[in-house]
Amino acid sequence: MNNFKNLRGTVDLLPDQLIKWQNVEKIIIEQLFRSSVKEIRTPILEMTELFMRGIGEGTDVVSKEMYTFLDRGERSCTLRPEGTASVARALIQHGILTRPSQKLWYMGPMFRYERPQAGRQRQFHQLGVEFIGYESVNSDIEIITLAWDILEKLGIKELNLEINTLGDHIDRSNFQKAFLKWLEVNKNSLDLDSQRRIDKNPLRILDTKNVQTKKILEDAPRLFDFLSENSIERYITIKEKLKFLKIPFIENFNLVRGLDYYTHTAFEITSGALGSQATVCGGGRYDNLISQMGGTETPAIGFAIGLERLILLCGNELEERRETDIYIVNKGVDAEILAIKLSRKLRNYDLISELDLSGSSFSKQFKKANKLKAKSIIIIGDDEVLKNQFIIRLFKNFSSENQEETISFDDDTKLDNWLNKNLGIKDLP
Ligand code: ATP
Ligand code: MG
């Protein structure tokens, strides 16, 4: 027999783990809802072309990490490695780039063919937020605070915000010229990965993790020295406003996003608790992406949070599950169908009920209820079936009073009153 296993780099999330995931997602979604950021869902599968254009062929993602294949119609398709390109495509395609400006979020699986390790998977999940049609310094500030506050709301401590500016595309190309000249001279001192980037994506060299290259780069020309006055002023304003809002930050001149369409603000949020894959959130302004993809010139800024790394940072308190309110103990074929009928009724209340369909002895079912720490139990046996009624009572470990009541299957009001009085539960609107 075949022993099937999941593909390398993919992960099954099992019910016990998902409690934490669901709690985290709920906190995030509520926070975004309260901030008037709207959800967008785009397909997981897109034309390969989209990512080549929207992420850039010189990037690691496009050059070696994409899941690309031909479909049955011989079209090249790719499982999305990130969300921004798809969002931009959707807005351009539907003609809703800036009518009005859009604050959007998405959450879901992304795919990158990387070497799996702690905090790095081939199928992973991101929360992304994109502000499309926003140009002002304050929109940079709003989006940074949004990311920061989500992380704080989740109780994560010891976070570092790193910021940098990339200037506009003129600043960048001036810098790039000088940098390439320097690279020509110093090429042989760099690590192989960085050498390979010289032709494809030289700016990304600044982002290297190679210690030796980092040291050599200290003598390279600095992007900062090529910034126009406007760009510098913008950056200074950003720093002032972050200080005003009491959001601590570190300046990191080596923080870059490798592509031409990135402009001005770039930021990352890292945590020492994550070890070598320290970045939980990466973001930046991409004023030239949408025009590069064929849309009208539209300024934009966004960030993405890696959910696997985020979950690692969240505390155990988010693993707590809501306890069972009612456990329905029953025995016998007739009792079972009445129990199903009753459990349908209980779905009209904001409570968690569990129906036992094991057919095992009452004492075994009680034990299960006990193990679940159910607050109350409903009992349906032969006697109850005959009389068309059920017994409901607070479970013995939950209350010393053992509030017990016998209720007819037809008496909704009595059930209503009991739930309200003993569990504080009201029926759903
Ligand atoms: P890295 O330098 O860690 O590869 P990146 O620059 O490729 O990051 P982005 O494309 O900016 O990452 O993605 C944003 C976030 O998504 C990252 O900060 C990280 O938290 C998460 N992320 C990226 N790739 C993976 C992966 N393979 N597995 C798990 N999380 C990931
Ligand atoms: Mg990566």
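A polar contact is a pair of N or O atoms within 3.5 Å. The exercises below apply to a predicted model.

**Exercise 1.** Which atoms of R112, K209 and V280 lie within polar-contact distance of an oxygen atom of ligand 1?

*Solution.*
- Step 1. For R112, a polar side-chain atom is 2.9 Å from an oxygen atom of ligand 1.
- Step 2. For K209, the atom is again a polar one of the side chain, at 3.4 Å from an oxygen atom of the ligand.
- Step 3. V280 uses a backbone N or O atom, 3.4 Å from an oxygen atom of ligand 1.
- Step 4. Ligand 1 exposes 590 Å² when taken alone, and the protein buries 87% of that.

**Exercise 2.** Describe the shell around ligand 1 by residue and by strand.

*Solution.*
- Step 1. There are 15 residues around the ligand, and R112, E114, R120, Q121 and T279 come nearest.
- Step 2. Sorted by class, the shell has 7 charged, 5 polar and 3 nonpolar residues.
- Step 3. At least two shell residues come from each of β6 (123-132), β10 (279-285) and β11 (300-306).

**Exercise 3.** Why does C314 form no disulfide with C281?

*Solution.*
- Step 1. A disulfide needs two cysteine sulfur atoms within 2.5 Å.
- Step 2. The closest cysteine sulfur to that of C314 is in C281, 13 Å away, so the two are too far apart for a bond.
- Step 3. The structure as a whole holds 0 disulfides.
- Step 4. C314 is buried, at 4% relative accessible area; C77 is also buried, at 11%.

**Exercise 4.** How many Å separate the C-alpha centres of domain 1 and domain 2?

*Solution.*
- Step 1. Domain 1 covers 15-168 + 228-317, and domain 2 covers 326-423.
- Step 2. Their C-alpha centres are 48 Å apart.

Conventions:
Residues are numbered from 1 along each chain as its sequence is written. Chains are lettered from A and ligands numbered from 1 in the order in which they are written. This is a predicted model: local features need pLDDT of at least 70, side-chain atom pairs count only at pLDDT 80 or more; totals for chains, interfaces and linings use all residues. Side-chain values use heavy atoms; hydrogens and water are left out. Domain bounds come from an automatic or database domain assignment. Buried means under 20% relative accessible area, exposed over 50%, partly exposed in between (1.4 Å probe, protein chains only). A residue is near a molecule or strand if one of its heavy atoms lies within 4 Å of it. A polar contact is a pair of N or O atoms within 3.5 Å; within protein, one must be able to donate a hydrogen and the other to accept it, and residues adjacent in sequence count only if both atoms are side-chain atoms. Accessible areas come from the Shrake-Rupley method with a 1.4 Å probe; for residues, only the protein chains shown count as cover. Helices (H or I, at least four residues) and strands (E, at least two) are DSSP runs, numbered from the N terminus. Ala, Val, Leu, Ile, Met, Phe, Trp, Tyr, Cys and Pro count as nonpolar, Asp, Glu, Lys and Arg as charged, and the others, Gly among them, as polar.
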